Amino acid sequence: SFALAWQDFSSAGNKVRVAIEDLIEELSPGLNGKLHNKLEAFKKVNPEVADMLMAVKWIGNAGSHTSDLKECDLAVAYQVMEEVLRKLYGRDQLLKAIVGKINLDKKPIR
């Protein structure tokens, strides 16, 4: 998403939405249906994170269906996603995962 951020805000917003789909699949692989329904079901597991992801989903939907997403909308989506990742994985776990991937692959993350 970020690679597109300075070229096309709407496309970047759509990619953030795709990232949410991947994240929800990772967190709760048994959930079926549309992303909205998955997020509603995920509220039972983690209501705070589900609400945050729902907000980003709405931004992503705007990017998917219109071409008028603004830079500030995308910035909010990135800030919320950053907080979601902190809440889910914590800074230490996130850094450990990144370090582990770099060491496993013996190269930078791309």
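**View 1. Lys101 and Asp105 in helix α4 of the predicted model.** Lys101 counts as partly exposed, at 41% relative accessibility. The side chain of Lys101 forms a salt bridge with that of Asp105, with 2.5 Å from N to O. Asp105 is also partly exposed, its relative accessibility being 31%. The two residues sit 4 places apart in helix α4, so about one helical turn separates them. The count of salt bridges in the model comes to 8.

**View 2. A salt bridge between Lys38 and Glu25.** The closest N and O atoms of this pair are 3.9 Å apart. The pair joins distant parts of the chain: Lys38 belongs to helix α2 (residues 35–42) and Glu25 to helix α1 (residues 9–27), with their positions 13 residues apart. Lys38 has a relative accessible area of 16% and is therefore buried, the limit for this class being under 20%. Glu25, with a relative accessible area of 37%, is partly exposed.

**View 3. The network of Glu40, Lys43 and Asp51.** Salt bridges link these three residues. In one of the pairs, the side chains of Asp51 and Lys43 meet at 3.3 Å, N to O. Asp51 is partly exposed, with a relative accessible area of 43%. Lys43 is likewise classed as partly exposed, at 29% relative accessibility.

**View 4. Lys57, a buried residue with no salt bridge.** Lys57 lies in helix α3, which covers residues 47–65. The nearest side chain of opposite charge is that of Glu40, 8.1 Å away. A salt bridge requires a nitrogen-to-oxygen distance within 4 Å. Glu40 itself is part of the network with Lys43 and Asp51 shown in View 3. Apart from neighbours within four places in sequence, the residues in contact with Lys57 are Arg17, Ile20, Leu35, His36 and Leu39.

**View 5. A nonpolar surface patch that includes Ile109.** The patch has an area of about 360 Å². Leu94, Leu95, Ile98 and Ile102 contribute to the patch along with Ile109. Ile109 is located in the segment after α4 (71–105). With a relative accessible area of 45%, Ile109 is partly exposed.

Technical notes:
Residues numbered from 1 in each chain as written. Predicted model: local features only at pLDDT ≥ 70, side-chain atom pairs only at ≥ 80, totals over all residues. Heavy atoms only, no water. Buried < 20%, exposed > 50% of the residue type's maximum accessible area, 1.4 Å probe, protein only. Lys, Arg positive; Asp, Glu negative; His and termini not counted. Contact = heavy atoms within 4.5 Å. Patch = residues over 30% accessible without salt bridge, like charges linked within 9 Å, V, L, I, M, F, W, Y side chains within 5 Å. Areas by Shrake-Rupley, 256 points an atom, 1.4 Å probe, with all protein chains shown as cover.
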